[in-house]
Amino acid sequence: MYWFVAKVVYQIICGNGSHTPQFDEQLRLISAISKKEAWEKAREIGMQEQYAFKNQQQELVQWKFINVPEVYTLDQLTDGMELYSRIEEPGDPNSYIAWLQMKSAQLQGQQYIEVNV
């Protein structure tokens, strides 16, 4: 098994979504045998950790999983630990999501080589 860092991206939607678009970019530690498996595992984590709650104004607040646009090889750390989280407020959220989806598709389509340590 090897260690990877994967960027997991969520869109934060409050109420009907008529607010400034926000995205939460999280770096997660993933233990896997290959970069491809790390990407797949990060996607599973992203889907499992989507959630929603009601705020004080009783509006629904959602963390909606977008995708995993980046995966990097690392040395040993703790599996699944969140390393970094950043809220992004892009001017054009549709372009931002398209860019994330494109980066994720590039990872999915690559020929992955096992890491030899």
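Select Glu40 to start: this residue is partly exposed, with a relative accessible area of 34%. The model on screen is a predicted one.

**Stop 1: a pair within one helix**

Keep Glu40 selected and add Lys36. Their side chains meet in a salt bridge, with N and O 3.8 Å apart. Both residues belong to helix H1, where 4 residues, about one turn of the helix, separate them. Lys36 is also partly exposed, because its relative accessibility is 38%, and the class runs from 20% to 50%. Side chains of opposite charge can pair when their charged atoms come close.

**Stop 2: the whole chain**

Zoom out and colour by secondary structure. The protein holds 2 helices and 5 strands. Read from the N terminus, the order of elements is β-β-α-β-β-β-α. Of the 117 residues, 38% are buried. The accessible surface is about 7,000 Å², and carbon and sulfur atoms account for 49% of that.

How many of the contacts between residues at least 6 apart in sequence join residues at least 24 apart? The share is 75%.

**Stop 3: salt bridges between elements**

The count of salt bridges in the model is 5. Select Lys7 and Glu25 for one that links two strands. The closest N and O atoms of this pair are 3.6 Å apart. Lys7 sits in strand S1 and Glu25 in strand S2, so the pair links distant parts of the chain, 18 residues apart. Are Lys7 and Glu25 buried or exposed? Both are buried.

Now add Glu70 and Lys103 to the selection. Together with Lys7 and Glu25, these residues are linked in a network of salt bridges.

Next, select Glu49 and Arg28. Their side chains form a salt bridge with an N to O distance of 2.6 Å. Glu49 is in the loop between helix H1 (35–48) and strand S3 (51–54), while Arg28 is in strand S2, so this salt bridge ties together parts that are 21 residues apart in sequence. The two ends of the pair fall into separate classes of exposure. Glu49 counts as partly exposed, at 36% relative accessibility. Arg28 counts as buried because its relative accessibility is 7%, and the limit for buried is under 20%.

**Stop 4: the nonpolar cores**

Hide the charged side chains and select Ile30, Val68 and Val71. These are the residues with the most contacts inside the largest nonpolar core, which has 17 residues. The elements giving two or more residues to this core are S1, S2, H1 and strand S4 (60–74).

Centre the view on Val71. Which residues does Val71 touch, not counting those up to four places away in sequence? They are Phe4, Val5, Ala6, Lys35, Ala38, Trp39 and Leu107.

Apart from the 17-residue core lies another, of 6 residues. Select Ile66, Tyr96, Ile97 and Leu100, which are among its members.

**Stop 5: a serine in the second helix**

Move to Ser104, which is in helix H2 (residues 93–109). Is Ser104 buried or exposed? Ser104 is buried, because its relative accessible area is 1%, and buried means under 20%.

Show the side chain of Asn67 as well. A polar contact of 2.8 Å joins the side chains of Ser104 and Asn67. Leaving aside neighbours within four places in sequence, the contacts of Ser104 are Trp39, Asn67, Val68 and Pro69. Val68 has already appeared on this tour, as one of the residues with the most contacts inside the largest nonpolar core.

**Stop 6: two loop residues**

Select Thr20, in the loop between strand S1 (2–14) and strand S2 (22–32). Thr20 counts as partly exposed, at 47% relative accessibility. Add Asp92 and draw a line between the two C-alpha atoms. Thr20 and Asp92 are 72 residues apart in sequence, and their C-alpha atoms are 9.8 Å apart in space.

Finish at Gln58, in the loop between S3 and S4. Most residues other than glycine have a negative phi. Gln58 is not a glycine, yet its phi is positive, about 60 degrees. Gln58 is exposed, because its relative accessible area is 55%, and exposed means over 50%.

Key. Residues numbered from 1 in each chain as written. Predicted model: local features only at pLDDT ≥ 70, side-chain atom pairs only at ≥ 80, totals over all residues. Heavy atoms only, no water. Buried < 20%, exposed > 50% of the residue type's maximum accessible area, 1.4 Å probe, protein only. Polar contact = N/O pair within 3.5 Å; in protein donor to acceptor, adjacent residues only side chain to side chain. Contact = heavy atoms within 4.5 Å. Areas by Shrake-Rupley, 256 points an atom, 1.4 Å probe, with all protein chains shown as cover. Salt bridge = Lys/Arg side-chain N within 4 Å of Asp/Glu carboxyl O. Core = buried A, V, L, I, M, F, W, Y, C linked by side-chain atoms within 4.5 Å.
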